[in-house]
Amino acid sequence: NSKSWQERLQCIYETSQAGPFTKANNNFERLAKYNINNDFRKAVGLIREMKLAGQKIDPRTYVKLIRMCGNNRQSHHALDLYRMFKQEGYQLNMSICRSILSSCCKGNNSEAHEIGKEVLSDMRSQRLSPNAYMYRIVLSASNARGKVEDSLYLLEELKNISPVVDEKVSLDTLKACLVAGFWQESLVLLEDLLDVTEPSIQLYKQILAVCARHGKWQPVEKIVESMSLHEVRPDEEVWNLVVQSCCKAGEWKLASKFLNDSKNSGIQPSLFAYNMAILACEKEGQAKPATLLLDRMITEGIKPNQQTYTAAISTCVRHGLADQAHILLQQMKDFELQPSVETLNKLILTHKLHGEYAKAKNVFDQFSTVGVQPDAGTYVSLLACCNNQSVDIQTINNLLHEATTKELSNTFAYNAAINAMSTCGYTKQSLNLFESMTENKVNRDVTTFQVAMKACMRSGDWEKLLQLFNRMRAEKIKPNKFTFDLALLACEKTGRWKDANEHLESLEKFGIDLSASAFCSTIGALGRAGEWKQAVKMLSSMYDHGVTPDLNSYNAAIIGCSKAGQWKPAIQMIEDLMIVGLRPNVHTYAYAIASCKKKGNWEKALQLMRDMENLGIKKNIHVYTAAMSTCCNAGEWESTLKLLEQLLRDDIKPSVHAFNIALKACREGDQAKLSMKLLNDMSIYRMNPDVVSFTTVVCALGDRGLWKQALKVLEIMKSKGCQPDIQACNAVLAAFAKSGEVSGAYRFFERIKGEYGLTPNTISYTTLMSVCEKSGDTEKIDTIFSDMSAAACQPSKVTFLTALKACKRNGRWTQALKYLSLLKSNGFEVDIKLYNAAMQSFHEKGESEQAKALYEEILAMKVVPNATTFCYLIQSFEKSKRNDWKTVFQILEQMKDQGISPDLRIYNAVVCVCETQGAWIEGAKRLTDYRRSIGDLD
């Protein structure tokens, strides 16, 4: 019993050499040997074999093997043994729990803290009380893995069983809280620590060092206050750490405050502290505060170094303050400081914002004068300055060649060149360069695809952009947030909502957090595709994914409703976004008002404008044009013009589009003269009327038959440099048609082809035919129709209807049937209106037999005749040479069968037929009997 377990195992091994053993004994013999040789892998493997063979393993063996694994930092093996121990049904004891916890703490298992929690939980379930040592082990593992919430819980548990907590454990937990951003909890832990520990500057330095290393600036001010409260005087190192903690987060204001506090406490800020403060300014592009800090250093007798000026020049990059950067470079030379290649590269980048490549090149030319050798980053910086069309493609290619010869990955250089080409407008060349990377054996990375996709975005080639995104995934390159955003934007622009949904679902698979912008693009894609219900549904689902909708998300959904003309859900979303604390903007209301346009809900549109005024949202031109369009579509021309007047009173610069809507409203309201006045008023507001403006006015005048005024507007249009289009010319033709000016119409038709250089279209020929039809010049209609066919101009139904109506005059029924045949051969479906127009042509010549044949065709074609059909059919008997007045009464009976009631026209036609054929008395009697039979007489 006094022997150690190793000695006992040695005895077992030696005894095993004396004689034969069973299989079980042989296994224990091997296990003893593995233990002696510290061969934990074979020992654990043997334990598994023994378990599979159903052999019982002593609990002490588990404990010993777990300790052996722990000593060898093999926590995963120790965990396997621990779980086998539990499966055997053995009772936990303090020894095995201590062993497994120790092994987890020493091992490299990333889930060590979870194992520790599991063991502590098992102990509690078996009514074992973990001791302070065990809590400290698990707490250390949680701190090491950054599981701060677990650490805080375990620390509280530890305090319950041990009032005095080890200083190292508390300090480690405090540091873990700082790193994880639990700075309020870290301040509480600091106060608890100071209650049991003597405050010292070293303690504070350890805490501040963590803040500085991880850029945790939030608790620093409170830590400095704690030092003052506990009468610990900060030294230079403390102030350096305090200012450094602000550097990474770009908290330049707080860094400047700490510099002042340092000086006020009697500690002169060091060069390091000033450099850190200037670097904080660099993070936020704050050039002016950085320059002031630099001047203050010099005033206080602190000589800046190379790092100081490099950081100060870097602050000028974001806002393109190149002149300020050059002044700083000159100061650097005055202090006899040699600029580094990094300093000069930053100086080059100050010319990027304004695309000043020539000035950037001048900086590059100074490299040799100051004895600095350019590196690959220099050429990449020059490429970044190539961002306007003044830079030629050869310059970019030369820079790429220089960059690839330096110590820089070719991928980085190609990325910069692709971006430069696309920014300068060489989209095609940038994509060609992208493709050439395969031939040149240059690897692409996610940035390569990103800049190529941006090139497609700049040129509006959304299809190509999506192809690049799919290709990137096919090449097993992991997309980043920016490439996903570009792909989702392309889906939005093209209305590919299914692809957008797929990309949105893929974000989390690639470890990218779902964002409001990603949802916004997907909602926009749904809206563009007309899936407004799905867009509204996705907006609501954002909360389910832990993303709070922003105003852009709501606006995207409202746009979808606007395109579909769904004003009710659009207005409901305005109410919803205000409930969640968002404030609608002018775009929100512009889209909501536009949603009223499709259904002409002009009153609701005006109400939305009043709501804007109540909320203090200033209206813009888009709001007014949306409201004007809604009123115009609803036929409210007066309201449309009032909105234009209000727009002008609100001192909003009008647009040509706004005037065009007003002009369209004038036409709809038959206000031709008012449209002329508005056209003249456009010049007062320095608006140049476009083709739509002039054409709308011409159409308004044409509708009234005011051909002289229409011609005058057409001449003004031409003098203003607006080439009249065929629509405007057709409107003038329509004006001639209204006023019956046949000769004028013919002359103007020739001017369309000659003076205006336009090709007459179907409407042009049809309008000219209409002029002839109204003037009775029916013979010319056939000529016009022939000219139309010769010009390869396809006639419309209206064309045939006009030609058929003209056949009524002079009883040109054979021509009418010819047009009817052409109508069918052109693939048109002949409706009752066209048949009726042809039926009219039989009256003049009394072709009743032809009329009856056409009526039979109507029935055969399953076209439903109407009262007009029967009227024209009966009229064809009036001048018939046959004595067939009795047939008209048969026709009346057919009308009765068709369910059509005769009207006054039909009765008059029947009377005329009976009178012309000398049977008016008998006809009148029959007609009276017929009317009585259908209940048409009292």
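This briefing looks at a nonpolar core, one helix and the cysteines of the structure above. The model is predicted, so local features need pLDDT of at least 70 and side-chain atom pairs count only at pLDDT 80 or more, while totals for chains, interfaces and linings use all residues. Residues are numbered from 1 along each chain as its sequence is written, and side-chain values use heavy atoms, with hydrogens and water left out.

**Nonpolar core**
- The largest nonpolar core (buried Ala, Val, Leu, Ile, Met, Phe, Trp, Tyr and Cys residues joined through side-chain atoms within 4.5 Å) holds 301 residues, and I396 and F748 have the most contacts inside it.
- Leaving aside residues up to four places away in sequence, I396 touches (heavy atoms within 4.5 Å) L383, C386, V391, A417, A420, M421, C424 and Y426.

**Helix α49**
- Helix α49 (a DSSP run of H or I, at least four residues, numbered from the N terminus) covers residues 848-860.
- Its 13 residues should span 18 Å at 1.5 Å a residue (times one less than the number of residues), which agrees with end C-alpha atoms 18 Å apart.
- S848, A851, L854, Y855 and I858 of α49 are buried (under 20% relative accessible area, 1.4 Å probe, protein chains only).
- These residues lie on the same side of α49, because they cover an arc of only 120° around the axis (taken from the directions from the helix axis to the C-beta atoms).
- Among the elements covering them are α47, α48, α50 and α51.
- Just after α49, K862 takes a positive phi of about 60°.

**Cysteines**
- The whole structure has 0 disulfides (cysteine sulfur pairs within 2.5 Å).
- For C456, the nearest cysteine sulfur is that of C491, 14 Å away.
- C456 counts as buried because its relative accessibility is 0%.

Terms used
Buried < 20%, exposed > 50% of the residue type's maximum accessible area, 1.4 Å probe, protein only. Helix = DSSP H or I, 4+ residues; strand = E, 2+ residues; numbered from the N terminus.
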